[in-house]
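Please walk through this structure with me, beginning at the ligand and then turning to the way some of the helices pack.

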Amino acid sequence: PGLEPAVPLMSKEEILAQRQAHLGPSLSLSYRRPLQILRGRGQYLYDENGRAYLDVVNNVCHVGHSHPRVVAALAGQAAVLNTNTRYLHPNIVQFAERLLDTLPESLEVCFFVCSGSEANELALRLARTYTGAQDFIVIDGAYHGNTAALIDNSPYKHDGPGGKGAPQHIHTAVMPDPYRGSYKDLRGLLANRASVVLDEKPQRSGSRYAAHVGELAQGVLDAGRGLAGFIAEPLLGCGGQIVLPDGYLQEAFAHVRAAGGVCIADEVQVGFGRVGTHFWAFETQEVMPDIVTMGKPIGNGHPLAAVATTRAIADAFANGMEYFNTFGGNPVSCAVGSAVLDVIEEEGLQENALRVGEHLLRGLQALMEKHPLIGDVRGLGLFIGVELVRDRETLRPAAEEASYIVERMMEHGILLSIDGPLHNALKLKPPIVFTMEDADFLVHTLDKVLAEDAAQPTG
Ligand code: PMP
């Protein structure tokens with residue numbers, strides 16, 4: 001929209017060679033032939049030739065890439081002052097107040113940091129200081145961040161390539177996956193049929209999965225250890241875009257609290273209105289976390305993240321050791337954070353996520369009827385997963401087909417990603433300015449790609 005084609009300063013080959021020469025080799029790139037992306041606007045990214053790609057991956061640039069309002073707030077404040085938090089400045093208190101207004105009253109204290117990892121790392125420290133205990137329960141397949149303590153808390157990493165497994169103080173709960181998990185409920189049983197109704201409530205598999213959390217909590221106590229807490233995403237992102245069964249978090253939280261632990265909701269991927277019906281994803285599970293961590297969308301791409309907690313936990317943490325974070329909560333970051341909240345509210349983006357998300361979910365569910373490769377379609381708002389299988393009975397994962405589809409969608413100008421422990425779930429989490437037309441274009445293009453020979457289940 002009104003964008004000049006961007007002019008490349010370096011060829012793709014040059015950039016690739018320089019990356020290989022000078023950047024850590026553990027950095028990955030998307031696509032067999034990587035894209036050079038030089039501009040972003042709204043839900044679109046543009047390559048060096050000015051070709052537009054519909055971005056269905058980026059849940060960081062939540063209110064749209066390079067949103068003029070957010071950019072103006074950033075540039076305006078950067079032109080005047082940026083310092084650490086050791087002077088009085090209105091931006092930090094104004095932003096804290098606005099953020100806390102979106103949360104339950106009991107969460108009344110904020111800490112500002114610079115990344116989701118820093119937020120979760122601080123959350124672990126808060127929980128451990130408050131409880132005096134070390135052990136944590138995490139959900140299998142979860143990713144919570146890149147620090148040493150968070151790799152310990154991330155089965156996605158420590159049980160993946162290069163990982164060394166869970167340390168003794170980390171206890172892994174089975175993934176409450178309604179589609180693939182061993183406890184079936186109504187939704188799981190109907191998953192093979194395109195007639196699944198949108199608002200149909202899963203039955204009590206949530207309690208059965210939560211009971212596993214309870215057993216782990218009891219095991220910690222029986223071993224003479226203490227439970228610091230439980231950290232969970234209210235929808236499982238790296239786990240493969242999984243909507244938790246009803247009652248799961250409520251009962252898991254109760255088990256954790258009975259064992260003396262605190263409950264952390266990791267809203268880094270799913271917060272800020274993305275789920276449509278609520279501002280926070282934990283609200284869809286009707287729970288009250290003790291600590292909420294936020295990242296990615298909070299700064300629309302600016303490195304900002306936050307932790308909200310109770311007065312009691314924050315006070316216990318103030319034990320004499322200062323928590324200092326050089327960049328966290330600086331006036332520029334807080335101006336950006338406030339602008340993002342303004343845009344979500346003024347442009348009605350939570351409502352948009354609900355409306356467009358439901359439309360997209362329905363479109364994808366209709367594709368399930370035509371294409372046997374689609375085993376399950378699930379999601380809330382604009383956080384959707386499409387799980388691909390070679391066989392709807394055995395649920396044999398279609399990982400190669402998923403890679404093929406993502407490459408072909410890119411060639412058609414649509415960016416998607418893959419996740420889940422079996423690498424077979426298409427992940428849909430676009431900026432929440434996504435439109436009905438974008439949803440139709442996505443469904444129509446996916447329909448075409450799914451009809452190609454290479455996208456047929458190979459049995
Ligand atoms: N929590 C979740 C659920 C995440 O998905 C991520 C990042 N993918 C993080 C925490 C870590 O955030 P960051 O990369 O900003 O450190």
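By class, how many nonpolar, polar and charged residues does the shell around the ligand have? In this predicted model, the shell has two nonpolar, seven polar and three charged residues. The residues that surround the ligand are S115, G116, S117, N120, Y143, H144, G145, E233, D266, V268, Q269 and K296. Among the elements that contribute to this shell, helix α4, which spans residues 116–131, gives the most, with three residues.

Some of these surrounding residues also bring polar side-chain atoms to the ligand. For S117, a polar side-chain atom lies 2.5 Å from an oxygen atom of the ligand, whereas for D266 the partner of such an atom is a nitrogen atom of the ligand, at 2.8 Å. K296 likewise has a polar side-chain atom 3.0 Å from a nitrogen atom of the ligand. Taken on its own, the ligand has 390 Å² of accessible area, and the protein covers 84% of that area.

We can now turn from the ligand to the helices. Two packed helices are described by the angle between their axes and by the distance between those axes. Helix α8 (residues 205–222) and helix α9 (residues 248–258) have axes that come within 8 Å and cross at roughly 20 degrees. Because angles under 35 degrees count as roughly parallel, α8 and α9 are therefore roughly parallel to each other, and the crossing in which α8 passes α9 is right-handed.

A second pair is formed by helix α2 (residues 68–78) and helix α11 (residues 331–346), which pack with their axes 8 Å apart and at an angle of about 160 degrees. Since angles over 145 degrees count as roughly antiparallel, this makes α2 roughly antiparallel to α11. The crossing of α2 and α11 is right-handed.

Key:
Residues are numbered from 1 along each chain as its sequence is written. This is a predicted model: local features need pLDDT of at least 70, side-chain atom pairs count only at pLDDT 80 or more; totals for chains, interfaces and linings use all residues. Side-chain values use heavy atoms; hydrogens and water are left out. A residue is near a molecule or strand if one of its heavy atoms lies within 4 Å of it. A polar contact is a pair of N or O atoms within 3.5 Å; within protein, one must be able to donate a hydrogen and the other to accept it, and residues adjacent in sequence count only if both atoms are side-chain atoms. Accessible areas come from the Shrake-Rupley method with a 1.4 Å probe; for residues, only the protein chains shown count as cover. Helices (H or I, at least four residues) and strands (E, at least two) are DSSP runs, numbered from the N terminus. Ala, Val, Leu, Ile, Met, Phe, Trp, Tyr, Cys and Pro count as nonpolar, Asp, Glu, Lys and Arg as charged, and the others, Gly among them, as polar. Axes are lines fitted to C-alpha atoms, for helices over the stretch in contact, and angles run from 0 to 180 degrees between N-to-C directions. Angles under 35 degrees count as roughly parallel, over 145 as roughly antiparallel, 65 to 115 as roughly perpendicular and the rest as oblique. A crossing is left-handed if the near helix is turned anticlockwise from the far one by less than a right angle, and right-handed if clockwise.
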